[in-house]
Amino acid sequence: PISIRSVLYEKNQAGNNPCLFEERNVGFNYKREVSTRSFSSNKYVSDLKWNIHAAATFKCRVEAYCYQILWMLRNHSLTHGGTEKIQVAVTYPLAMRPTQLRTIKDAWKKAWNNLIDSNNPFPERNFMIESLAPYKYSAVTNTNLLRTDAYVNMDIGGGSTDILFYKEGVLGRPTKSRAYSVFFAANDLWGTGMSPTRRNLKDNGFIKNLENGDGLDAIKITNINNYKDIASNASDVVTYLFSKPEEYHFADSIRQSKIASVVVVHFAATIYYLANIIKTNNLEIPSCVNFSGMGSKYIDIIVGSNEELASIVKVIFKHVGLNVANLNVSRDSNPKEVTALGAIYMLDPETTKVETPRSTIVYCIDGEEDMEDALTYEDTTKDSTWNMVEKEMDKFTTLLQSQSFISTINNAGIMYSFNELQSNGFDKNNFKSSYVTMTDSFAQMSDDEKKANLKDAPFFWALKDTLYNVALAMA
């Protein structure tokens, strides 16, 4: 397997030209650059799947990336005894807005027609729901998985978290299979929130917390500043700092600081959402929860062992009202490879069959069980929707300040304090402001898109800007 991030290396002031190897190219050297080198005329552009704020540029960048990746795959096949008639699987998160997904699919199809087979279009079945791939990998390779037990995979990426619930019944036929996706993941922790004015900032509370500490000499600070010159955003800088643990000790700077409380809140929110999925849809409590995706690596900051992680998951489940007894958790050591191999297995009819799950939306808002119709994007701007989100946030903050939760986190050795969170802006004013920032972004949608069914959980919108603001205040 070859790991290549969704990153382009782009000239400053590049036009909308997707041609091969011209103004923008795949960022093979991402995180490997000599940090003292000058990059005055070039920059990295990451977050290709989610940075849709300039539609024409977004389309061009996606086309350039897809064209180059497919060109390399074809050439690799040709130079290793294969043909140009390769098979390709493309996975996508359910939380993607229709316009995003359409742009990405069109880019792959265009590249396929130009490079592989102009007579036979790219098969629509080869576009796959991302949350299925890790389960497919486990089903094929993990002999310890009790296939009749309920199983959950949480694939935490940069932009989205994709969840698969799978319960397989007798004779190899699944009794329940559900897929979920939310626009809440690692970028909401390591980025700069949702405000458009902060989109290109290269700093956040976690970076400042490191820089304000005693662990950096002048050379290291210079290296970080040089990397900021070529980074797209704060998430890129965080990725760089994590990639050099012996040099910057970035994870330690978080773990040993009160800012670790923000990381705890982010993780607790994802598990709180999972617990609500299980409760709202009357699903069986899983015997195994597996964490995949590169975004899930931040869990290592919170806990050292899977036993500690299971204790945190169980205390959140119990708070939501789930009677959980035995629960195992696991973490993929190479999450990107797991997703890639799982997608390839899905192309192979000889491996274990996995039926396509029913995609379901759980909004995780108070009163959801009484709702008869799905929300639209337009509905989220109404006061009634915010009122439901506000009540759900009250329930969530009750968890965060409960003694059972606090003691479980402290037993894992984390400096967690709900009082510190509150004193630094974790409050209803920030929740509301964060929520409104998200709904304001829908103004650019067409009327048809605004009336489309919501494909996200508005519960998380109250946290997106809040986490950034609280971390910055704590630094």
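**Exercise 1. Which elements do the buried residues of α12 pack against?**

Before we start: this is a predicted model, where local features need pLDDT of at least 70, side-chain atom pairs count only at pLDDT 80 or more, and totals for chains, interfaces and linings use all residues. Residues are numbered from 1 along each chain as its sequence is written, and side-chain values use heavy atoms, with hydrogens and water left out.

Solution.
- Step 1: get the elements. Helices (H or I, at least four residues) and strands (E, at least two) are DSSP runs, numbered from the N terminus.
- Step 2: pick the buried residues, meaning under 20% relative accessible area with a 1.4 Å probe, protein chains only (exposed is over 50%, partly exposed in between). For α12 you get L309, A310, I312, V313, V315, I316, F317 and V320.
- Step 3: look for contacts, that is, heavy atoms within 4.5 Å. The partners are α10 (260–280), β9 (288–292), α11 (299–302), β10 (328–331), α14 (383–400) and α15 (403–411).

**Exercise 2. Check the length of α12 against its expected span.**

Solution.
- Step 1: the expected span is 1.5 Å times one less than the number of residues.
- Step 2: α12 covers residues 306–320, so its 15 residues should span 21 Å.
- Step 3: the end C-alpha atoms are 21 Å apart, which agrees.
- Step 4: look just past the end, where G321 follows with a positive phi near 110°.

**Exercise 3. Work out how α12 and α15 are oriented, and what makes the contact.**

Solution.
- Step 1: fit axes as lines to C-alpha atoms, for helices over the stretch in contact, with angles from 0 to 180 degrees between N-to-C directions. The pair packs at about 170°, axes 10 Å apart.
- Step 2: α12 is therefore roughly antiparallel to α15, given these classes: under 35 degrees roughly parallel, over 145 roughly antiparallel, 65 to 115 roughly perpendicular, the rest oblique.
- Step 3: α12 brings E308, S311, I312, V315 and I316, while α15 brings S404, F405, T408, I409 and N411.

**Exercise 4. Describe the surroundings of F317.**

Solution.
- Step 1: F317 sits in helix α12, and its relative accessible area of 0% makes F317 buried.
- Step 2: leaving out residues up to four places away in sequence, F317 touches I271, L274, A275, I278, I285, P286, L322 and V324.
- Step 3: Y273 is 44 residues away along the chain, yet the two C-alpha atoms are separated by 9.8 Å.
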